[in-house]
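Student: Please show me the structure, and then we can work through it by question and answer.

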Amino acid sequence: DGEVHINELKNGNAEMFWNPTSEVRKQRLKRHIVLFEEQTDFESERLWQHVTSAINKGDQHKATQEKFVLEEEQRNAARERRENGTEWKPLLFHHDATTNEWHYKYEDLRPWDPLNDIAQFEKNGILQTMERHLSSRMSNHKATCINNQITRHKRSAKDCRRRKTSDQPSNHSQNTESSCSTPESVQELSDDDGKYLGFGSLCAQCGKEMNHLKEIHSAVLSLQRAQQDIHR
């Protein structure tokens, strides 16, 4: 958010390349960082804290020393893993052997959809997108669960009717209520607090997704209220 110049080495001329106005600076996305005390030992801000402190104090010698100590510890740890035959398994990246490159495991390269996408956030190192509607993956999974339950319900009702017609009914059985219940209409199917009427509760994955979306929605509402307070 500062001035950027292009320096011509041949003649020593300097040309203004970028000079952001105050309006441009106001449009910058707010940077959100995890509180230092909540960071793990291997997060960059905590890992490089002594190097950063020395740079901010203008002590280049101290910064170089701290950088050497940090990198030497990493080399020793890598050496010990090789000697012990321990394989290093990154949590968020995987190695592509064909291109010899590392790739983020949860990368989402689809274009941003302003009509459906609300916000992008990080949770446990995983970048996720808050959407206005359920993702197609979850919707498809939910539809599959519903269809499977409907099929099972219809099959049990059919078997029940087959048993009823095959038996020799007595006068007593004709006057008593059948033990087989009629399957509920599919039109009554609805989602009420994570449950489908007539078909029990959602499967574990659907329930987990629903709870996760509720948490995200609550967080987004909290951020929106905070932004409104800031604007006021």
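**Salt bridges, pocket and surface**

Tutor: E72 and R75 are three residues apart in helix 4, so about one helical turn separates them. Keep in mind that this is a predicted model.

Student: How far apart are the closest N and O atoms of E72 and R75?

Tutor: Side chains of opposite charge can pair when their charged atoms come close. A salt bridge needs a side-chain nitrogen of Lys or Arg within 4 Å of a carboxyl oxygen of Asp or Glu. E72 and R75 form such a bridge, and their closest N and O atoms are separated by 3.1 Å.

Student: Is E72 buried, partly exposed or exposed?

Tutor: Buried means under 20% relative accessible area and exposed means over 50%. E72 has a relative accessibility of 26%, so this residue counts as partly exposed.

Student: Which residue meets E71 in a salt bridge?

Tutor: The partner lies in helix 4 together with E71, four residues away, about one turn of the helix. This partner is partly exposed, with a relative accessible area of 40%. The N to O distance of the bridge is 3.7 Å, and the partner of E71 is R75.

Student: Which residues are linked in a network of salt bridges?

Tutor: E71 bridges to R75, and E72 bridges to R75 as well. The network also takes in K67, and its members are K67, E71, E72 and R75.

Student: Which residue forms a salt bridge with D108?

Tutor: D108 is partly exposed at 41% relative accessibility. Its partner counts as partly exposed too, at 36%. The closest N and O atoms of this pair are 3.2 Å apart, and the partner is R110.

Student: How many salt bridges does a search of the whole structure find?

Tutor: Those discussed here include E72 with R75 and D108 with R110. Over the whole structure, the search gives a count of eight.

Student: Which helix supplies the largest share of the lining of the largest pocket?

Tutor: The largest pocket has a volume of about 2400 Å³. Of its 45 lining residues, H32, V34, E43, E122 and G125 are the closest to the centre. Helix 2, helix 4, strand 5 and helix 7 each supply at least two residues of the lining. The largest share is ten residues, and it comes from helix 7.

Student: How many residues of that lining are charged?

Tutor: The lining of the largest pocket includes 22 nonpolar residues and eleven polar ones. The charged residues number twelve.

Student: What is the area of the nonpolar surface patch?

Tutor: Strand 1 and strand 2 each supply at least two of the patch residues. I6, found in strand 1, has a relative accessible area of 41% and is therefore partly exposed. Together V4, I6, F17, W18 and V24 make a patch of about 450 Å².

Student: Which residue has a positive phi although it is not a glycine?

Tutor: Most residues other than glycine have a negative phi. The residue in question is in the loop between strand 3 and strand 4. It is exposed, with a relative accessible area of 60%. Its phi is about 55°, and the residue is N100.

Notes: Residues are numbered from 1 along each chain as its sequence is written. This is a predicted model: local features need pLDDT of at least 70, side-chain atom pairs count only at pLDDT 80 or more; totals for chains, interfaces and linings use all residues. Side-chain values use heavy atoms; hydrogens and water are left out. On a 1 Å grid over the protein atoms alone, a cavity is a set of points where a 1.4 Å probe fits but cannot get out, and a pocket is an open set with protein on both sides within 12 Å along at least five of seven lines; lining residues have an atom within 4 Å of a point. Grid points are joined across faces, edges and corners, and a volume is the space filled by probe spheres set on the points. Ala, Val, Leu, Ile, Met, Phe, Trp, Tyr, Cys and Pro count as nonpolar, Asp, Glu, Lys and Arg as charged, and the others, Gly among them, as polar. Patches are made of residues with over 30% relative accessible area and no salt bridge: like charges are joined within 9 Å, nonpolar side chains (Val, Leu, Ile, Met, Phe, Trp, Tyr) within 5 Å. Accessible areas come from the Shrake-Rupley method with a 1.4 Å probe; for residues, only the protein chains shown count as cover. Buried means under 20% relative accessible area, exposed over 50%, partly exposed in between (1.4 Å probe, protein chains only).
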